[in-house]
Amino acid sequence: MNVAECRDLSKKHGRHKALDQLTVTIGENKITGLVGRNGAGKTTLLKLLAGFWRPSSGDVRVFSRRPFDDLLVSANTILVDDDLDFPTALTLKEILEEAGRFYENWDMALADRLFAYFSFQPDQNYASLSKGQQSTFNMIVGLCSRCALTIFDEPTNGMDAAVRKDFYRALLKDYLAHPRSIIVSSHHLDEIEELLEDVLLLEDGHNYLHMPVEELKEYAVSLSGPFEAVSAWTRNRDVMYSKQTEAGMYAVVKHDFSTDEWEQMRRAGIRAEAVSPGDVCVYLTDSTKGEIDDVFDKA
Ligand SMILES: Nc1ncnc2c1ncn2[C@@H]1O[C@H](COP(=O)(O)OP(=O)(O)OP(=O)(O)O)[C@@H](O)[C@H]1O
């Protein structure tokens, strides 16, 4: 079963197409990581899924319904992002109580425990919290709502390293106890890859790659060694990234060598290493020209 389906989905902001005929299905009861470079269209997709925005063209379905202005979708979906807009007149404790009235599966006992763990005070005001504290409070609301579709858009913005670790652990523990469909967008795939079942990589509003994280871990390999040897082994392949090194050459290519080929490369002095899913996504969607050092070397 799928929790969400997009077919030829486009969304324009003015004349700019943030999503361009995106077709993708998001499986039910799994944690999907949504990644992509700045401006790839992640937030736009999440707002369309949550029913905040209407598509410009194409079709988006959540729980088999068009999400825009749909009551069933909004009661069963939460989008946690920096734009969460809580009534300024309410204290933090009152916000949790209001959320409990709105979300059918709200877990107040868990909310109270997380609230105490992160040392929030009941009579604090949301606007008085620091950026990281606001993200932490948002995370409590997102987790405790237990919505069938729970969406976190860059949830760890501003959180320090310890809180980020706690957040990932809380997310995983709560998901294992109460499986549901969770989408997490992040620029830090390496931090969240252990949580994920699937990864969806967007580029310029397109579905660039959508696969289980375990497959992505096997997707690419780096070859390093003497320049001539690495060049010869990568000549007729799609090279995702390459650079000259003191030892010769370093190149990242798709992982599709046979056992015999591995042995020949080893004998030619080439060292092969796995490439992390985060690095694969960066290499696949790199739109910068050259290296950052080139900018300074040309000055
Ligand atoms: N309200 C808006 N008005 C005009 N253009 C917008 C608006 N929102 C997004 N865009 C444009 O749409 C494109 C996709 O933006 P979006 O915020 O969806 O990307 P993103 O992948 O979430 O980026 P980031 O990783 O930087 O948060 C960008 O080029 C952005 O400039």
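Which residue takes a positive phi in the hairpin of S8 and S9? Asp-204 does, with phi near 45°, and the hairpin has two residues between its strands.

## The model at a glance

This is a predicted model, where local features need pLDDT of at least 70 and side-chain atom pairs count only at pLDDT 80 or more, while totals for chains, interfaces and linings use all residues. Residues are numbered from 1 along each chain as its sequence is written.

The chain's secondary structure comes to twelve helices and 13 strands; these are DSSP runs numbered from the N terminus, with helices being H or I of at least four residues and strands E of at least two. Along its principal axes, the C-alpha trace spans about 70 × 45 × 45 Å. Of the 299 residues, 34% count as buried, meaning that 20 or more other C-beta atoms lie within 10 Å of the residue's own (exposed is 12 or fewer, partly exposed is in between, and C-beta atoms are placed from the backbone). Take the contacts between residues at least 6 apart in sequence: 67% of them join residues at least 24 apart. Here a contact is a pair of C-beta atoms, placed from the backbone, within 7 Å.

## Two domains

The chain splits into domain 1 (2-212) and domain 2 (218-287), with bounds from an automatic or database domain assignment. Their C-alpha centres lie 36 Å apart. Eleven residues from domain 1 and seven from domain 2 make up the contact. On the domain 1 side, the elements giving two or more residues are helix H7 (189-192), strand S8 (198-203) and strand S9 (206-212). S8 has the largest share there, with three residues. By class, that side has six nonpolar, one polar and four charged residues; Ala, Val, Leu, Ile, Met, Phe, Trp, Tyr, Cys and Pro count as nonpolar, Asp, Glu, Lys and Arg as charged, and the others, Gly among them, as polar.

UniProt has its own span to offer: an unreviewed entry lists residues 4-229 as "domain: ABC transporter". Positions follow the numbering used here, feature names are shortened, and annotations may be inferred rather than shown by experiment. The end C-alpha atoms of that span lie 46 Å apart, and the span is 35% helix and 29% strand.

## S8 and its partners

S8 also pairs with other strands, where a pair needs at least two DSSP bridges. Four bridges join S8 to strand S3 (residues 31-35), and these two run parallel; Thr-32 has Asp-198 of S8 as its bridge partner. Six bridges join S8 to S9, this time antiparallel, and Val-199 is matched with Met-211 in S9.

## Around the ligand

The residues surrounding the ligand include His-13, His-16, Asn-38, Lys-42, Thr-43 and Thr-44; the cut-off is a C-beta atom, placed from the backbone, within 6 Å. Strand S2 (16-27) and helix H1 (42-49) are the elements that give two or more residues to this shell. H1 gives the most, with three. By class, the shell has two nonpolar, nine polar and one charged residues.

## Two serines with positive phi

Ser-64 sits in the loop between strand S4 (57-62) and helix H2 (71-76), and its phi is near 65°. Why does Ser-64 count as exposed? Because it has 11 C-beta neighbours inside 10 Å.

Ser-119 lies in the loop between helix H4 (108-117) and helix H5 (131-144), with a positive phi near 60°. Ser-119 has 8 C-beta neighbours inside 10 Å, so this serine counts as exposed.

Note on methods: Contact = placed C-beta atoms within 7 Å.
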